Amino acid sequence: MRKIPVYSHPAAGWPALFSSTRKLMDYQTFLRGSVSVFKSNQPQGGFDCPGCAWPDHKSHKAIDVCENGIKVIASETMTKKADAQFFTRHTVTELQGWTGYELEHSGRLSEPLYYDAAQDRYVAISWEMAYQRIAEQFKQLSSPDEALFYTSGRVTNEPAFMYQLFVRCFGTNNLPDCSNMCHEPTSVMLGKQLGIGKATVKLEDFEQAKLILMFGQNPATNHPRMLEMLAHAHEQGCRIISINPMREQGLSKFRNPQKPTHMAAGQSNDMVDEVVQLQIGGDAALLTGIAKWLIENDKINHDFITTHTSGFEPIKQWLAEQSWADIELGCGILETDIINLAELVAASPATICTWGMGITQHVQGDDNVAMITNLLLLMGMIGIDGAGASPVRGHSNVQGDRTMGIHERPSKSLLDSLERVFEHPMPQKHGYDVVTGAKALIAGKLKIFMGMGGNYAVAAPDTSAIEQALTTTQLNIFVGTKLNETMLYPGANNLILPCLGRTERIVTAKGEQFATIEDSMCQVVPTQGTLKPVSDTLKSESQIVADIATHVLGPDSTIPWQAMSEDFDIVRDYVAQAINGFEDFNHRIRTTERGFHLYHAARHRIWNTDSGKAQFEVPKYPITYVAAQMAETTSVLEDNARKNGNVDDDQNDGQKIWQLTSVRSHDQFNTMIFGYKDRYRQTNRRDVLLMHPDEISRLGWHAGDSVMVSRQGNSDSTSQPRTLGPLVLTEMDIASNAVAAYYPECNDLFDLDTHAPDSHIPAYKSTTVVLQRVNASIAEPV
C-alpha cells in the first residue's frame, strides 16, 4: 500500500495552544476571551463551556477547557457587532452569498432587528414593537400546530423549561431540537431497551474500564476533553479499540497541555491500541459477528441474561441465521479479525461501549444502537463499575433540553406532571420533529418558525429547499448570538432577537442569576457568565421567552412568566415539582461543588421498560443493507446506460460507485466554521473529497483532481438525483469504497426521506454516490 501522508504529531500539545491563541486574536477578543477561558468549567462562579457535552472531572484545574472550547468561547466573546449599522453596508441578498466562515466572523448580534423587504436589509426595531408583531402573527394562526419551535442544544435548562412550557400552553408539541439530528437513535433505542435514553456510565467508570470500544467517534476534533480520559484509561491498562471507517490521527497520541512535563519535554500518551476500519454503515454487521461468536462459543453472561433481560431467544435465533459471508460483506472485516475482537470482549471484566454520530446518523442508526446495547446485555455490562453505554453528545446541553421537556413526542407522565403543576391543559398529540417539521414547512403547512438558537436550515438535509420554504412563512423568529444562513431567508415578517451568551452576566431586578446544564453522563452543573454583555440591549433567553409568552398568551396567564425570568430559583422550583430527579433542585445545585448526578435506574439494574427487564432487539435492516444500496445504484446506472445506448468502457474518468459519509473538520463546531484548516487531516480547504490514496491510484486519478459527486435517484423514482462539486480529491486513510466530504457543505446530497424508521434521524453518515472526475489537479492552498 502507498504510504499516506499523515499528521505525525500528538493530539493537542503546542499546536492546540498556538491554534487557540490565534483564534482568540482572529476574533479580536484576546483579553476578553482569555478571561473567559480561565472561568470555563470552573466549579465556583464559572460557566459551563458552550462547546461539547463531555463531563467535568471531579478534580479541579486552573484551566479546564480544550482547543475546541476556546474556539467556541472566542466566537461568543468577540465584541465586533452584526447590528443595524452592519446591515446598512450589506443587503440580505448579498449575505446569502457569504460563506459560513464569513457569517460566523461578521460579529455578535447586539440589537433586535426586523427585515425590511423594501430595503432588503435588517433594520433596528424596539423590543416592544418586536413582541407586538409576534403577538399579532400568532393570533392569526388557524391552529397552534401551524407554528414550529426549534431548539439548539446550547440553551440552558431554565429557559428550555420555560420555552417548552410556553409552547405547550400555546397548544402544540411542535418542539424539534438538534437531538433529532444527532443522537435520536440513542434516545429511542436505549429508552426502549434499558428504560432510559441516556448514558449508563459516569466519568469515573472510564478509570476502571478494561476495554473501551469506540464506535464512530473522532474525539480529537469533536470533544477533545475526552482525550485526557482515554489517555488515562490506557495508562491504567485499559485496551482501547477505535471502530471507524477513518483512521483519525488525533487518536494516536495525546500531549496533555495540562501537564508541564509533557509540554516541556515533548512527552505524550498513547491512546488507541487498534483501529478497525470497517466499511461505512457496517457497524451493525460487525456487532452481529461479535455477538454471534460470543453466543456460539458460550462466552456470554447467562446469569445476567436470565435475571435481567427479555428477548434473548429471538436475538439468538436471528444471529444464528446470519452467515459469516454476509457479515463480512456487510462490514468489510474478515471473520478472523471479528473473532479476535470478540475474544477481547469475552476476556474483559469491564467494557464500555462509547459512540458518536458515526453510529447514529444512518438509515440503520436505530439498529446500530440496538446492537451495541445487545452486546452489553449479552456480557452483563450494564450496572457494574467500569462498564456500560456511553453515547457522547455534541452540544453542551442537548441532553438537558430533552430532560426539561424539549421533545416532540413527550411522555404521558411529563404532560400529566405539567398539567398538575401548572393547572393548565397540555396538548396530547405528538408534534413535528426536524424531518417532519421540515417537510411540513416545505409543503406550506407552517405559518410561523421560531428558532431558539441553532442554524436549522443548514443543519438539516435539503438545506436549499428549507431555505426557500422559510421565505413563504408569515413570521420567522430567530433568538441567537450570531448571524447564520437560516436567518437570511425571510418570510413576510422576520425578526432577529439577540440574546446573552453563556459567558455573559445575567443580572435582573432580583440580582445576578445562574443557570444549569446536564452533560452527557447525567450530571447537572451550574453555569454563570462573568463578562459584561457586549451590548446593553441584549436579553437573556429566559427573559425573551417570558416576554413572548406574556404577549402571546396574554397578561392574565396564571403562570408567572416575568417572575421566572427575573429569578431562576422560581424556575428551578417548578422543575423540581414537574421533572423526576430534580427534587430539592435549588438546594442540591448550591451545596455540591460539581452539581449532582440524576438518578439512572438502569445503572442500578432497574428496568423501566414495557417488560420490566432490559430488552434485546432484533435489527430491522439486513446486515448487507449498504452493499444492497450500492448494488441498486449500480443497477440504476446500468439501466440508464442501456436506455441511452452507452457502453461502459471503464474509462478512468468514468462513473464510480462509492459510499459517502459527512465529517466535521478540526476548525468547526457543528455548523459554526471557525476556519479552513483541518490540522489532523492536513488540508486547508473545505471543498474536498477525502479518499484513500490506493483507491485514487487504482482509478488512475491523482490528489488535487476535481471530482463531481452525484447521488442517483432511486429505481422507483421517489428520490431525485443530486450533485455536489466540484470537490478537490484529497488523500485520507479511509476504508475502501468510502469517501468523505465536509458537513454542512454536503447537506444537499442528503434528503428528508432517507432516515432511520423509528428515530427519523437523517442519514448524514452513509449515502451511495457516483464520482466522476471532471478535470485534473487543483492546487491545495497554503
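Let me begin with Val 769, which counts as buried at 0% relative accessibility, and which lies in strand 29; please keep in mind throughout that this is a predicted model. Leaving out residues up to four places away in sequence, Val 769 touches Lys 656, Ile 657, Trp 658, Leu 660, Val 709, Ser 710 and Val 739. As for its separation from Met 452, the two residues are 317 residues apart in sequence, and from C-alpha to C-alpha they are 34 Å apart in space.

From there I would like to turn to the nonpolar cores. The largest nonpolar core has 61 residues, and the ones with the most contacts inside it are Ile 134, Phe 138, Phe 149, Phe 161, Phe 166 and Leu 497. Which helix gives the most to this core? That is helix 8, with nine residues. Apart from this core lies another one, of 58 residues, and among them are Ala 459, Ala 460, Tyr 489 and Val 709; Val 709, you may recall, is one of the residues that Val 769 touches.

Helix 8 deserves a longer look, and I will take its partners in turn. Helix 8, residues 157–170, and helix 25, residues 541–553, have axes that come within 9 Å and cross at roughly 15 degrees, and the two helices are therefore roughly parallel to each other. Their crossing is left-handed. On the side of helix 8 the contact is made by Glu 158, Pro 159, Met 162, Tyr 163, Phe 166, Cys 169 and Phe 170, while helix 25 brings Glu 541, Ser 542, Val 545, Ala 546, Ile 548, Ala 549, Val 552 and Leu 553. By class, the residues of this contact divide into twelve nonpolar, one polar and two charged.

Phe 166 is a good residue to follow here, since it is among those with the most contacts inside the largest nonpolar core. If we set aside its neighbours within four places in sequence, Phe 166 is in contact with Phe 138, Phe 149, Val 545, Ile 548, Ala 549, Val 552, Leu 553 and Trp 561.

How, then, does helix 8 lie relative to helix 27, parallel or perpendicular? The axes of helix 8 and helix 27, residues 568–578, come within 10 Å and cross at roughly 65 degrees, which makes helix 8 roughly perpendicular to helix 27. This crossing, too, is left-handed. Here Glu 158, Phe 161 and Met 162 of helix 8 meet Phe 568, Val 571, Arg 572, Tyr 574, Val 575 and Ala 578 of helix 27, and the contact has seven nonpolar residues, no polar ones and two charged ones.

I will finish with some details of the backbone. Glu 423 is not a glycine, although it has a positive phi of about 50 degrees, and it is found in the loop between helix 21 and helix 22; at 72% relative accessibility, Glu 423 counts as exposed. Cys 522 likewise has a positive phi, near 70 degrees, and sits in the loop between strand 18 and strand 19, but Cys 522 is buried, with a relative accessible area of 2%.

Lastly, there are cis peptide bonds to point out. One joins Gly 725 and Pro 726, with omega about 5 degrees, and Pro 726 has its place in strand 27. Another joins Tyr 743 and Pro 744, where omega is also about 5 degrees, and Pro 744 is found in the loop between strand 28 and strand 29, the strand in which Val 769 lies.

Note on methods
Residues are numbered from 1 along each chain as its sequence is written. This is a predicted model: local features need pLDDT of at least 70, side-chain atom pairs count only at pLDDT 80 or more; totals for chains, interfaces and linings use all residues. Side-chain values use heavy atoms; hydrogens and water are left out. Axes are lines fitted to C-alpha atoms, for helices over the stretch in contact, and angles run from 0 to 180 degrees between N-to-C directions. Helices (H or I, at least four residues) and strands (E, at least two) are DSSP runs, numbered from the N terminus. Angles under 35 degrees count as roughly parallel, over 145 as roughly antiparallel, 65 to 115 as roughly perpendicular and the rest as oblique. A crossing is left-handed if the near helix is turned anticlockwise from the far one by less than a right angle, and right-handed if clockwise. Contact means heavy atoms within 4.5 Å. Ala, Val, Leu, Ile, Met, Phe, Trp, Tyr, Cys and Pro count as nonpolar, Asp, Glu, Lys and Arg as charged, and the others, Gly among them, as polar. A nonpolar core is a set of buried Ala, Val, Leu, Ile, Met, Phe, Trp, Tyr and Cys residues joined through side-chain atoms within 4.5 Å. Buried means under 20% relative accessible area, exposed over 50%, partly exposed in between (1.4 Å probe, protein chains only).
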